[in-house]
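Here is a friendly walk through one protein chain. Keep the sequence and the 3D view open side by side as you read.

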Amino acid sequence: MNSSPAYSNGYHPQQQQHGMSQRDKVRRGTRARSRELRESFGSGGNFGGLRVSEHNKQQQQQQQGAPCTDFDMAYFHSYAHVGIHEEMIKDRVRTETYRTAILQHQSSIAGKVVVDVGCGTGILSIFCAQAGAKRVYAVDASDIAVQANEVVKANNLSETIIVLHGRVEDVDIDEEVDVIISEWMGYMLLYESMLGSVITARDRWLKPGGLILPSSATLYMAPITHSDRYSESIDFWRNVYGIDMSAMLPLAKQCAFEEPCVETIVGENVLTWPHVVKQVDCHTITLHELESVTTNYKFKSMMRAPLHGFAFWFDVEFSGPALAATNNHAPSSLISNHPVDGQQRKKRANPNEALVLSTAPEDPPTHWQQTVLYFYDPIEVEQDQLIEGSVTLSQSKENRRFMNIHLEYASGGRSFVKESVMRPGFSAELSG
């Protein structure tokens, strides 16, 4: 499904419904480690058509510089849970957009070699095989690779799809590939750092001029007002069955808003046009660029309202290499309608230029929803009042899959700083 291909500004004119993502329920908790199937065939070799990496670990680290940590293993084990994959596949916006992208680029896939990074159940690999791929390497470090291999066999595609159970950094592919496909996006786009695996696959195997799907991504932010959400979580304590429980307010604010919240907002919550936090060209971005992202922003509120925090969302584009390079390196190809601090709202000159998957507040809902950083106390802003500051998103030194967020904001002569961390277990509060 194409989510409003005429726009690539993270803000689109379609209504959205509230809802909680099963991926939130499953993905954020602790997972049992599913080792039984893995141990049934040991740490290396071939099991029913499934290939398991058996590289020398020291050699891997020397060559790739990315040792597999306990945090990585916990992350991979979490994706052995079927509920995560069920929720992602049932996200029709996500899944149908990927299928449409594969069909739109069928001429670049048919008869070619494809790598599916983080293949999960193998559905994207199968879409590529159905589009005529000569060979598909479906790579996943999670034990879900065992089920993916069974799915491939059940669909009589074992001659086309080779399931590799291991990390992209570790598995062997003895040929260059024409296409890389991956659904790598995390909450707030960069959470979980799976994009690093796509970069590694690109640098190891992709032919010059090869296709990467999606080809680019953009992360946006905007100030929001959300009085209902604040009232439900905070103001509730002011009068509980006639009892003054306002002493609970400091703890309630901390529990509700200390960490980022993954929830659904709507366009009416957004106070201004969005600001571009980061643009990603999947053909050129480096691992170093993912370590820290900083942007300065300046907004002008379109209305008088309480400012409750900032929302973040993203979109990704599915362009061919030449088009992707044009989109990401030639700002003149964009029509500027609403400038915001040098970062401009982008509207495509040609609606057919690229297929877009968007998680914007006014687009059809996805399991990613939006990520919101709430303030402990709202700030009253007037129409046309400036809201400015900076935000830094950085990989945690403890675990690169965690994201540290440093937010500075000022308005009406008052300045604030908010720091938080996105990690497993974050965002206990979700909108219903």
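Is cysteine 282 buried or exposed? Cysteine 282 has a relative accessible area of 2%, so this residue is buried. Please keep in mind throughout that the model is predicted.

**The chain as a whole**

The protein chain holds 13 helices and 19 strands. Of its 432 residues, 55% are buried. Among contacts with a separation of 6 or more, 79% join residues that lie 24 or more positions apart.

**Cysteines**

Cysteine 255 offers a contrast to cysteine 282: cysteine 255 is exposed because its relative accessibility is 57%, above the 50% cut-off. The model contains zero disulfides, counting cysteine sulfur pairs within 2.5 Å.

Cysteine 119 sits in the loop that links β3 (113–117) to α8. With a relative accessibility of 6%, cysteine 119 is buried. Leaving out residues up to four places away in sequence, cysteine 119 touches Ser125, Ala138, Val139 and Asp140. Its C-alpha atom is 9.4 Å from that of leucine 164, a residue 45 positions apart from it along the chain.

**Helix α8 and its partner**

Helix α8 spans residues 123–130, and helix α6 spans residues 92–104. Six of the eight residues in α8 are buried, which leaves this helix mostly covered. Those buried residues are Leu124, Ser125, Ile126, Phe127, Cys128 and Ala129.

How do the two helices sit against each other? The axes of α6 and α8 come within 10 Å and cross at roughly 30°. Since angles under 35 degrees count as roughly parallel, α6 and α8 are therefore roughly parallel to each other. The crossing of α6 past α8 is right-handed. On the α6 side, the contact is made by Thr95, Tyr98, Arg99 and Ile102, and on the α8 side by Ile123, Leu124, Phe127 and Cys128. The residues of this contact comprise six nonpolar, one polar and one charged. After α8 comes glycine 132, with a positive phi near 100°.

**Backbone features in the loops**

Two residues other than glycine also have a positive phi, and they are set out here.

| Residue | Phi | Loop | Relative accessibility |
|---|---|---|---|
| Asparagine 156 | about 55° | between α9 (144–154) and β5 (161–165) | 71%, exposed |
| Leucine 189 | near 70° | between β6 (177–182) and α10 | 1%, buried |

Which of these is buried and which is exposed? Leucine 189 counts as buried because its relative accessibility is 1%, under the 20% cut-off. Asparagine 156 is exposed because its relative accessible area is 71%, over the 50% cut-off.

Where does a cis peptide bond occur? The bond from leucine 213 to proline 214 is cis, with omega near -5°. Proline 214 lies in the loop between β7 (206–213) and β8 (216–224).

**A serine in α10**

The loop that holds leucine 189 runs between β6 and α10, and helix α10 itself covers residues 195–205, with serine 197 within it. Is serine 197 buried or exposed? Serine 197 has a relative accessible area of 12%, so this residue is buried. Setting aside neighbours within four places in sequence, serine 197 contacts Val117, Val168 and Glu169.

Key:
Residues are numbered from 1 along each chain as its sequence is written. This is a predicted model: local features need pLDDT of at least 70, side-chain atom pairs count only at pLDDT 80 or more; totals for chains, interfaces and linings use all residues. Side-chain values use heavy atoms; hydrogens and water are left out. Buried means under 20% relative accessible area, exposed over 50%, partly exposed in between (1.4 Å probe, protein chains only). Axes are lines fitted to C-alpha atoms, for helices over the stretch in contact, and angles run from 0 to 180 degrees between N-to-C directions. Helices (H or I, at least four residues) and strands (E, at least two) are DSSP runs, numbered from the N terminus. Angles under 35 degrees count as roughly parallel, over 145 as roughly antiparallel, 65 to 115 as roughly perpendicular and the rest as oblique. A crossing is left-handed if the near helix is turned anticlockwise from the far one by less than a right angle, and right-handed if clockwise. Contact means heavy atoms within 4.5 Å. Ala, Val, Leu, Ile, Met, Phe, Trp, Tyr, Cys and Pro count as nonpolar, Asp, Glu, Lys and Arg as charged, and the others, Gly among them, as polar.
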